[in-house]
Amino acid sequence: MSAGAPAPAAGLGHALDLSSTQPIPFARLVRVELRKSYDTRAGFWLLLSIGLLVLAAEVIALAVTTVQDEAMQFGDFVGTAAFLTSFLLPVLGIMVLTSEWSQRTAMVTFALDPRRPLVIAAKALVGVILTLATVAVSIAIGAVCNLLYGAIEGHTDWTFGFPDFVAFTITQVLAMLGGFALAALFLNTAAAIVVYFVYKWVLPGLFAVGAGLIGWFSDLRPWIDFQVAQEAIWDWSGSGRDWAQLVISGFVWLGVPLVWGIWRVLRAEVK
Amino acid sequence: MITVEGLTRKYGSFTAVDDVSFVCQPGRVTGFLGPNGAGKTTTMRVMVGLTPPTAGRVTIGGHLYNDIPNPGRHVGVLLDASAQHAGRTGREILELGARTMGLPSTRIDEMLELVSLTPAESKRRLRNYSLGMKQRLGIAHALLGDPSVLILDEPANGLDPAGIRWMRGLLKGYAERGGTVLLSSHLLNEVELIADEMILIGHGRIVAQGDKKTLLAGATHTAATLVTALDNEALAAALSARGLTVAPAGEGLRVDAEPVEVGRTAAENSIVLVDLRAAEGALEDLFLELTSDTQREEVA
Amino acid sequence: MTTIPASGLGHTLDLTSTTPTPFGRLVRVELRKTWDTLAGFWLLLSTAALTALVMVIQLAVGITQDDVELTYNSFLTSTNFSIAVLLPIIGIMLLTSEWSQRTAMVTFSLEPRRPLVIAAKLVVGLSLAVTAVVIALLLATLCNALYGALSDDPTVWNASVSHTSAFVLLQVIGMLTGFAFATLFLNTPAAIVLYMVYSFVLPGLFELGAQLMDWFDKIRPWIDFNFAQGPLVDATMTGKDWAYFAVSGFIWLAVPLTFGLWRVLRAEVK
């Protein structure tokens, strides 16, 4: 310290007075993170292409089924959209998290709020909100398509019960969270996407082959194959064993990477 | 006030910061000076909780950074102006910061005006910003929450001369109003003009600290003078006759003596002087000397 | 300048003794770029590791289960789960990493003849594909030999020139498709997602469409590149299959590659 420095007035400027500063409310964090998901071109196009894909899928389904006079239900339209969004929602879950790392904005984000678990939680919640929005859009477009189908074909079938709706919502959220968990583990967009697609398409094939060939693996498989276990959600009437398998396999594919990844984010030096 | 106590950060066997302690006083601009890779950035990253220290700690106004609620309202941070999403517009980047801190949008316009970014420029994406524009945006982001402490890593990097002068005025005024400013640089001239207090770091260790006078007083430093005469040869001969060391420098001479002695010699020999001044760069010599074993280049 | 330069000297660049960068050197540099970063290194390593892992699992199953009979070709086919998935990703990242890391600026200022740089990257991609094939063949040979030694089943060496060349062709196509998607998007996540959708989602949609609509069933072979590659896997290509292959390949490989390259060559590099 320099000898020439004037002695500062006691108590003034030395200590920060924090008494009037409120911690950043969680809701505000969520709003900011939500904004980040669409304010870049990459994010905007991802969201827009999810929407357009839903629209295209249901319109094509409508066109094909009316031309071919196939029987369609409300649930079939929504299911078509769900099939497609289940590919892109995980990518959304991944990019919500990894874009902070690839663009190095994590430095700024964590400097503005060092409570990293809250920031990560806000991001996960944004993923859930966007998934719910996708579900709402799918159902709305599905309803319009079903109405048009009725107008053209002369009969409508509104079979899409509450259990279906709940199952649809839950599986979509789980798909998004699956991407989010891998993103937390790798903190790298490309790696997380590749591994997610391997998990989604390559692994079921390997599981099926393994289960078909090896007796003990066939017994083990339901406990570690999360994608098969999710069928319990659709059936709704699953046994306690089915639900147990869902929980265990979910723990393996969601819980472990998420916990490990978040532990890493909390300790990581942010560069 | 920033207090660094016994801070050490190791990466494996490499020690980036080695037992560093110093204090940045409110109302003063503290310059953090050292060659590339001396540990300035690591120290600043530990300050704002982005890098966990191996030993020691840093408090800002008596608190650990991570314990400050809504820290953007108390501490303004600029570590790397390029560490922003290249696809966002400058305005959007400030918008996100303002929303996180809970500030009204009017604050964004104030800040843009303060750092002289035009509305048109603020609507361009960061990808299309020059380094200087990114730096201005980064300073705007740091000042957004009207903090009482500023931590800026190489803020003058990429600014044009007018920009550097502007920043100097901005930070001086900020300190005069009671703010604490810590800024790092590897350019001595830059810090010399702006900082009230200087911390010299090399190889992760503090090699000297104090204000300019204190630093120079502590150094073994010989006076030097730059002089130009109508007849340089005659002056050189006269000075040599007095036993002074003379060397040609540019259009004139460099003499290892106080200017007054050179002037007296010229007057006694009736030599007309065109230019006479004390050689600057005493601080630079000191800086190079103190950090000589940490410099990448041999100092001649 | 303090001295007057001799006339004609120093005013113009003397280029007579500078030769253009040889293509071979560009290829060597581009090859080095594929593994000198952490991401690239892990991608190559995990491709090799996954290939070995899948084969070893297959070998273990074959040895322990009596009702499973493996041949040389079945070991080779298992690379559908490893090389076939990751080689296109290598093709994508060969190109997009220059853009995402902004190194294209440096690369194109050192060698402004962009077509040559892109060609060098393609050559690197092709040599990596060939290397992957060689590794796969070696591993399959090794696994099949071990299988013969350790299980009661007879060792079947059903390798043939047509099978092997079809295998090479398939891997090269996979790499090229990834490369083509990369030139189109110049963005890693977008290219990977689209490639994954193309190779996993699209075949299902084509199948669905073909079952629902007769006219679609007829044009499908001409537009479904994955479908057209089917006979190639079994090495049972007929004249008509080659026609399907050429037309659908034109749609999915040549068109995006041409459009993408045109874009890369004209783009302002940021």
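I take helices as DSSP runs of H or I with at least four residues, and strands as runs of E with at least two. With that in hand, I counted 11 helices and 13 strands in chain B. A reminder to myself before going on: this is a predicted model.

**Entry: chain B overall**

I looked at the extent of chain B, and its C-alpha trace spans about 70 × 45 × 35 Å along the principal axes. Of its 300 residues, 46% count as buried. I then asked how its contacts are spread along the sequence: among those with a separation of 6 or more, 70% come from residues 24 or more positions apart.

**Entry: the six-stranded sheet of chain B**

Next I traced an open sheet of six strands in chain B, and I read its order as β5-β6-β7-β3-β8-β9, with mixed pairing. Its edge strands are β5 (75–78) and β9 (205–210), each of which pairs on one side only. From one strand to the next, I find an average twist of 15 degrees.

I picked one pair inside this sheet for a closer look. Strand β3 (residues 29–33) of chain B runs parallel to strand β7 (residues 180–185) of chain B, and five bridges join them. Opposite T30(B) I found L182(B), in β7(B).

Which strands does helix α6 of chain B touch? I find that this helix (residues 161–176) packs on the sheet against β3, β6 and β7 of chain B. Its direction makes about 150 degrees with that of β7(B). I also checked helix α5 (residues 131–143) of chain B, which lies across β5 and β6 (149–152) of chain B and runs at about 160 degrees to β5(B).

**Entry: the three-stranded sheet of chain B**

I moved on to another open sheet in chain B, with three strands in the order β2-β1-β4 and antiparallel pairing. Here β2 (14–24) and β4 (55–60) are the edge strands, pairing on one side only. The twist in this sheet averages 20 degrees from one strand to the next.

Strand β1 (residues 2–11) of chain B pairs with β2(B) through seven bridges, in the antiparallel sense. One of the residue pairs I noted is K10(B) with T15(B), its bridge partner in β2(B). Helix α1 (residues 40–47) of chain B lies across β1, β2 and β4 of chain B, at about 115 degrees to β1(B).

**Entry: strand β13 of chain B**

Is β13 of chain B well covered or hardly covered? I found it hardly covered: of the six residues in this strand (residues 273–278), the count of buried ones is zero. Five bridges join β13(B) to strand β10 (residues 225–229) of chain B, and the two run antiparallel. Within that pairing, I noted D275(B) as the bridge partner of T228(B).

**Entry: where chain B meets chain A**

I looked up the contacts between these chains and found 46 residues of chain B in contact with 36 residues of chain A. On the chain B side, helix α2 (residues 90–101) gives the most, with six residues. That side divides into 17 nonpolar, 21 polar and eight charged residues.

**Entry: M95(A) and the cores**

I located M95(A) in helix α3 (residues 74–102) of chain A. Why does M95(A) count as buried? I count 25 other C-beta atoms within 10 Å of M95(A), and 20 or more is the cut-off. Leaving out residues up to four places away in sequence, M95(A) touches G43(A), L46(A), T189(A) and P189(C). I also checked M95(A) against A232(A): they are 137 residues apart in sequence and 29 Å apart in space, C-alpha to C-alpha.

The largest nonpolar core has 190 residues, and those with the most contacts inside it are I94(A), F180(A), I193(A), I151(B) and I192(C). I followed F180(A) further, and beyond its neighbours within four places its contacts are G93(A), I94(A), V96(A), L97(A), A124(A) and G127(A). Apart from that core I found another, of 11 residues, among them V227(B), L235(B), L239(B) and V255(B).

**Entry: chain C**

I finished with chain C, where I counted 12 helices and zero strands. Its C-alpha atoms fill a box of roughly 90 × 50 × 30 Å along the principal axes. The radius of gyration of chain C is 23 Å, whereas a compact globule of 270 residues would have one near 18 Å. I see 33% of those 270 residues counted as buried. Of the chain C contacts between residues at least 6 apart in sequence, 77% join residues at least 24 apart.

Methods
Residues are numbered from 1 along each chain as its sequence is written. Chains are lettered from A and ligands numbered from 1 in the order in which they are written. This is a predicted model: local features need pLDDT of at least 70, side-chain atom pairs count only at pLDDT 80 or more; totals for chains, interfaces and linings use all residues. The radius of gyration is taken over C-alpha atoms; the globule rule is 2.2 Å times the number of residues to the power 0.38. A residue is buried if 20 or more other C-beta atoms lie within 10 Å of its own, exposed if 12 or fewer, and partly exposed in between; C-beta atoms are placed from the backbone. Two residues are in contact if their C-beta atoms, placed from the backbone, lie within 7 Å. Two strands pair if DSSP finds at least two bridges between them. Axes are lines fitted to C-alpha atoms, for helices over the stretch in contact, and angles run from 0 to 180 degrees between N-to-C directions. Ala, Val, Leu, Ile, Met, Phe, Trp, Tyr, Cys and Pro count as nonpolar, Asp, Glu, Lys and Arg as charged, and the others, Gly among them, as polar. A nonpolar core is a set of buried Ala, Val, Leu, Ile, Met, Phe, Trp, Tyr and Cys residues joined through C-beta atoms within 7 Å.
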